[in-house]
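Hi,

Here is the structure I promised to pass on. Have a look at it first, and then read my notes below.

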Amino acid sequence: MRSDLMPVRNAATAIARLVCLTALLFFTSIPALAETADEDADLTITSWLKLGPAIFQMPVFHDERDIRGNKPGPELFFEGYSRGILQSEPSEGLSRSLPLNGTMRWQVRNSETDRRVMLPLSETVENAYSVTYLATYIHSDRWAKATITINTPAMAALYINGERHIMKASAETATAEPGEQSAEIELSQGRHLVMVKLLGSRSQLGSVSFPFKTFVRLADGHSASLQQSLRPAGPLSLQHLMTTPESVGVSLSADGSIVAVHMRQANTSADGWDSWIEMRDFSTGRILNSFRGSTQISGMQWSHQDKIFSYVARNGSKSTVWVIDLENGTQEPVLKDVEHLQSHLWAPDGRALYYSVSIRPDQNNTGVRRLDGMHDRYPDWRHRSRLFKLDLASAASVQLTAGLYSTNLHDISPDGTRLILGRTYVDYSERPFSKHELFIFEPRTGKMESLTKAPWVSGARFSPDGSRLLFTGSPNAFGDVGNTLDTLANDYDTQAYIMNLTTRTIISISRDLDPSVNAAMWSPDGRSVFLAVTEKSFNTVYRYDTRNYSLTKVETGVEMASGFSIARNAERAAFIGHGMNDPQKVYRTDLRRNRSSVIVFPGEDAYRNVHFGTAKDWVFTLDDGTEIDGHVYYPANFDADKKYPVIVYYYGGTTPVTRAFSGRYPKELYAAHGYLVYVLQPSGAIGYGQEFSQRHINDWGIRVSGEIIEGTTRFLEAHPYADADRVGAIGASYGGFMTQLLLTETDIFAAGVSHAGISNITSYWGDGFWGYLYSSVASANSFPWDTPEIYIQQSPIFHADQINTPLLLLHGLSDTNVPPAESMQLYTALKLLGRDVEYVKIEQQDHHIVDFRKFILWKNTIISYFDKYLKDQPEWWDTLHP
């Protein structure tokens, strides 16, 4: 008999005896456990979910020393054995598969005398140990420091939310006093999984069972209500939002039979993100293939031919384009190690790829450089895009564009004979200080023809018959073609246009639609155009019929339909659907029947046990008849007879705060921490019609601040469970500016938070990379030298002495959009005025905080600040920022 099979056979035999053995062990007497100091504990865990006992087999030849002179010990178990169990959420009856042990189920085990849990040992074989897992959940009603203690003669490791806090690497006999180890822990408000790995053997412990006890003691000065549960149900946590796999994009094959789902998940060990592509059957959702790799995967493009696609694998500054044929199972690189590759697009016949490359100027290492206009501040402004065509049969490339300016490829005509090219020119003579020119270029003849030269135009696409052009742009791009007002419209209120390429006439197909267009796509037959739009706080989809000029809504069944993708040759679409308290799922749509359904829910396991609160609309009407839209997030287990602190969230700029799930400012998470969260959409936001969005122009809070104050006041009056003495205000970027401005005008807030806020409109206009460009809309035709009522009177820095409310300023120190000086100068003013102000700087982060660990600290900083001022719970803040 082969010796290497013996441990497995012996293990299997031992497992078969466990059922009988476990029944006998409960009647085995053991020496009494020494008293432990848990009488004054705030929580002694008296019941557990138990998995096992099972067998952990040591590797063969473990008694030999390795190349380093070491012998492996039971630490192998604690380091890696059954790591997947730590990432699960145990519940009674849930089964798990263990190596060499088959399938086992979690069972409830209650404590016996002295609040101990008695645990049986398996009848281990040679070179094996008995393994038992214990799990329970601790719920805390607030953040607190505590000490957790384990008492057992066995070897043990204790984990909280997957992170190890205690490692007991030695064992005592059952007749000796059991070992005790403790660890200081921090419990945030919410649910925490406590899991223990226990390891021992009969020869080691001198018994067939052993005792175990765990208790928690709060730190001095900390108070919290701690409760134990064996059910995994609990509120949303930051861990859910940060570590759950999520879909971030979808694209359909030409025939619509396959949907490519672009996935990502946090990689906590690498402090970053892992990304991959899943190929799923459109009808069943079944995974057909998955593409992962150590290189960065991006730029996926489906060929016009069925089931062929390409993607870009990036490695530093070099990139390789791979082509995958799913039917034939082939995979080959067609462009290798291209320096500074930007993008690529398939030719309609599938025989060529068009790709663009960034050409860089010679490096200036002198440290002295003349600035070639305001745009020259951008790191890549002097880079130029060049277009190439790759013939796949010959592997030969030809350069199609050159010159002083970058050239972008918008689309290729269905017959492959014409390209839509675009070039952007700086023009400081009028706003928005640049113009975009569209050309039709015929590569075979070299013929070039200008189509239009207008600001705020993008996304040109040929119709399926090549006779028309679809693109998006500002309402002001073509005079009154897309503008419904008698005055300047908000350029961010995007419209969709169709140009007849024979007559060159342009019509707006969204002019009378209140929603703002995010993307426009032709239907496969060219009879319809699908418009993905921002409609109030929703993301919806409309179908425009080019024959009768009618608009009908596509039934998506969700509040937010993002990344809408249409098959080239089939009446099928896919998108990512989500909403308030509704995590991202991938949906399919039958465009003929106007029906949508779920393909896959990537976060199903992670969110299965999450208890969300409810969310409701709340709208009020101003004296002039304007309806101000809004919605409210409620805590889980909401009780209308209690009083709740309130967080008021707004942007106040030109885009609404949508109903998107999670995001950088996750309202669901604030609600999970016990807050009512009121979100409102003041005047100036797109998605409510051009008259409403036009109010953003030259306002800078003149109207909007009053609407936020009135909305907050009315909300508090209408909701008796909202505590009017504990209201916080938060906004970011333009919303951060609004927080600062609001605190100069009202004292209804108990605390304010401003992330990357603007304190001096003039310095933001001149110093922010996009300051003067954003101001070309928000301050259209108004400048510091002729409009002091905006640039000075609406700047919070000039009214800093009016701020008496505690204020938290946050800023990424690499922010090029809103420079960090905007927070620093207000911080300086408030410190000199003796006001209650805090400034938290995030190093090496831009306008958005994207670093994994810094994001967590940044998010906890915001919640702990509100806990301090709205709940009178300063401990978390004081620990984070002593």
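Before anything else, a cut-off you will need: a residue is called buried if its relative accessible area is under 20%, exposed if it is over 50%, and partly exposed in between. Please also keep in mind that this is a predicted model.

**Salt bridges**

That cut-off matters straight away for K435, which has a relative accessible area of 17% and is therefore buried. Its side chain meets that of E430 in a salt bridge, with 2.6 Å from N to O. E430 itself is partly exposed, at 42%.

R695 and E691 make a similar story. Their side chains meet in a salt bridge at 3.2 Å, N to O. R695 is buried, with a relative accessible area of 14%, while E691 counts as partly exposed at 44%.

What about D605 and R608: buried or exposed? D605 is exposed at 55% relative accessible area, and R608 is exposed at 51%. These two form a salt bridge as well, the closest N and O atoms being 3.0 Å apart.

There is also a network of salt bridges that links R369, D376 and R382. The total count of salt bridges comes to 28.

**Two open sheets**

Next, the sheets. As a reminder, strands of a sheet pair through backbone hydrogen bonds, either parallel or antiparallel.

One open sheet has four strands in the order 23-24-25-26, and the pairing is antiparallel. Strand 23 (341-346) and strand 26 (396-399) are at the edges; each has a single partner strand, so one side of each has no neighbour in the sheet. On average, neighbouring strands here are turned by 25° against each other, direction ignored. If you zoom in on strand 23 and strand 24 (residues 352-359), you will find five bridges joining the antiparallel pair. H344 stands opposite Y355 of strand 24.

The other open sheet, also of four strands, runs in the order 31-32-33-34 with antiparallel pairing. Its edge strands are strand 31 (457-462) and strand 34 (506-508), each of which pairs on one side only. For this sheet too, the average turn between neighbouring strands is 25°, direction ignored. Four bridges hold the antiparallel pair of strand 31 and strand 32 (residues 468-473), and L469 in strand 32 is the bridge partner of F462.

Strand 32 also contains L470. With a relative accessible area of 0%, L470 is buried. Leaving out residues up to four places away in sequence, L470 touches a list of residues that includes G459, A460, R461, Y497, I498 and W522. For a sense of scale, L470 and T861 are 391 residues apart in sequence and 46 Å apart in space, C-alpha to C-alpha.

**An enclosed helix**

How many of the ten residues of helix 10 are buried? Ten of the ten are, so helix 10 (residues 734-743) is largely enclosed by the rest of the structure. Among those buried residues are Y734, F737, M738 and L741.

**A patch on the surface**

M374, V426 and Y428 make a nonpolar surface patch of about 230 Å². V426 belongs to strand 28 (residues 419-426) and is partly exposed, at 34% relative accessible area.

**Backbone oddities**

Most residues other than glycine have a negative phi, and most peptide bonds are trans. A few places here are worth a look with that in mind.

- The peptide bond from G52 to P53 is cis, with omega near 10°; P53 sits in strand 2 (residues 47-57).
- R431 and P432 are joined by a cis peptide bond with omega about 5°. P432 is in the loop between strand 28 and strand 29 (434-442).
- D337 is not a glycine, yet it has a positive phi of about 50°. D337 lies in strand 22 (residues 330-339) and is exposed, with a relative accessible area of 52%.
- S662 is not a glycine either, and its phi is positive at about 65°. S662 is found in the loop between strand 46 (644-649) and helix 7 (667-672), where it is buried at 15% relative accessible area.

Over to you, and shout if anything is unclear.

Cheers

How values were computed
Residues numbered from 1 in each chain as written. Predicted model: local features only at pLDDT ≥ 70, side-chain atom pairs only at ≥ 80, totals over all residues. Heavy atoms only, no water. Patch = residues over 30% accessible without salt bridge, like charges linked within 9 Å, V, L, I, M, F, W, Y side chains within 5 Å. Areas by Shrake-Rupley, 256 points an atom, 1.4 Å probe, with all protein chains shown as cover. Salt bridge = Lys/Arg side-chain N within 4 Å of Asp/Glu carboxyl O. Helix = DSSP H or I, 4+ residues; strand = E, 2+ residues; numbered from the N terminus. Buried < 20%, exposed > 50% of the residue type's maximum accessible area, 1.4 Å probe, protein only. Pairing = 2+ DSSP bridges. Axes fitted to C-alpha atoms, helices over the stretch in contact; angles between N-to-C directions. Contact = heavy atoms within 4.5 Å.
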